[in-house]
Every structure is written in C-alpha cells, then in structure tokens.
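User: I am new to this structure and would like a close look at a single part of it. Please keep the answer plain.

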Amino acid sequence: MGDHPKNSRKMWRKPKRPLNYDLLNEELHVLGTFGLKNKRELWKAHTELSRIRNQARSLLALTQDVRSKKEPILMKSLARVGLVKENSTLDDVLNLKVTDFLSRRLQTFIQKKESIKSPYLARQIVVHGHVMIGDRIVTIPSYTVKVEEEDQIHLSPKLDLSKTKHQQTQEIKTEQPSE
C-alpha cells in the first residue's frame, strides 16, 4: 500500500547541522532579503534545487546517446521557469544558487516590478489578493513565475499604493452617511 493521498509528504529537508553559526546567519540574511515567512520556505527551495542538481548530475553520468535524449527535457523545463537561458548547459544547472530559485517567486517579482519598499509588504499585497497574472488573481507568494507570465503580472486596479493609510481612512469616513 502507500501513503494516504490526504497525508502528503513533507516537501523539505532540514539542514544536517542546524546550529552552524555561519549557516544561521546566511539563512537569516536570505529570509530578510526575500521576505520569507519562515525557514521552512527556504528549506523547500533548497530541497527543490537539490533535486534539480541531482537530475543534472545523473544526466552527466549517462552515455552520450541517452543523455542527448533526456537533457533537452530538463533544460526546456528550467528555461520555461526562467532558471537558465535557452542555450545553457548542465554546468549552468549545477551552478544554480538558492537565490536564483527564490528570485523567481511572485513575491519578489511584485516587489521589483512595482517598486514596493519591503519584501514583507509585497508578500502582504500578494496574500490579500491584489496581484493578478493576466486576468487571474494569485494569492500564493511562493508561486514560481514562468518566463511567459512575467509581462502579465500587474496589481489589481482597485489597489492604490500612492495613498497613505490616513488618506484611505479619511475617504472611508467621508463615504459613510452620517446620521
């Protein structure tokens, strides 16, 4: 038998040495830079990157004729996501860093494209449903943006970031009829 479909497996692995001081500082720096909610999001990215690197290493170990069939499939999928260029090699895949992977998140794209002050504010805008890809609202900050979707990302027309909180509350008060 197997695992029950409702009980999914965890998608991440913890670091082998979690109390390594240098690793802790690096993790905190990456958490702050990309506005991640917790370290589990970072570990998910590390695990996914490890999976991709293992695929590339196993392709390097294959014979040339088998490799020529399977390598374009991996490279095309990574190029579609935007992790590597169209004419990249397996060495480029092995040189990928976790920051390359995290920079493809919707939260990071919104922060850069709309010039939002902090990654945490960008995360809040995404979670509250103010970000659209094409005509579809996306509320997942960790959504991996594909290359063809980059131009379609925009804020909801209802959201106005130029107003301050005070101005918005004043407008709400003036809209309510007084009795």
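Which elements do the buried residues of α7 pack against?

Analyst: This is a predicted model, in which local features need pLDDT of at least 70 and side-chain atom pairs count only at pLDDT 80 or more, while totals for chains, interfaces and linings use all residues. Residues are numbered from 1 along each chain as its sequence is written, and side-chain values use heavy atoms, with hydrogens and water left out.

Helix α7 spans residues 119-127; helices (H or I, at least four residues) and strands (E, at least two) are DSSP runs, numbered from the N terminus. Its buried residues are Pro119, Ala122, Arg123, Ile125 and Val126. Buried means under 20% relative accessible area, exposed over 50%, and partly exposed in between, with a 1.4 Å probe and protein chains only. These five residues lie on the same side of α7 because they cover an arc of only 160 degrees around the axis, the arc being that of the directions from the helix axis to the C-beta atoms. An α-helix has 3.6 residues a turn, so residues three or four places apart point the same way.

As for the partners, the buried residues of α7 pack against three helices, α1 (21-34), α2 (39-61) and α6 (106-113), and against the strands β1 (131-133) and β3 (153-155). Contact here means heavy atoms within 4.5 Å. After α7 comes glycine 129, which has a positive phi, near 85 degrees.

One of the partners, α2, also contains glutamine 55. Glutamine 55 is partly exposed, because its relative accessible area is 31%. Its C-alpha atom is separated by 8.2 Å from that of leucine 74, 19 residues apart along the chain.
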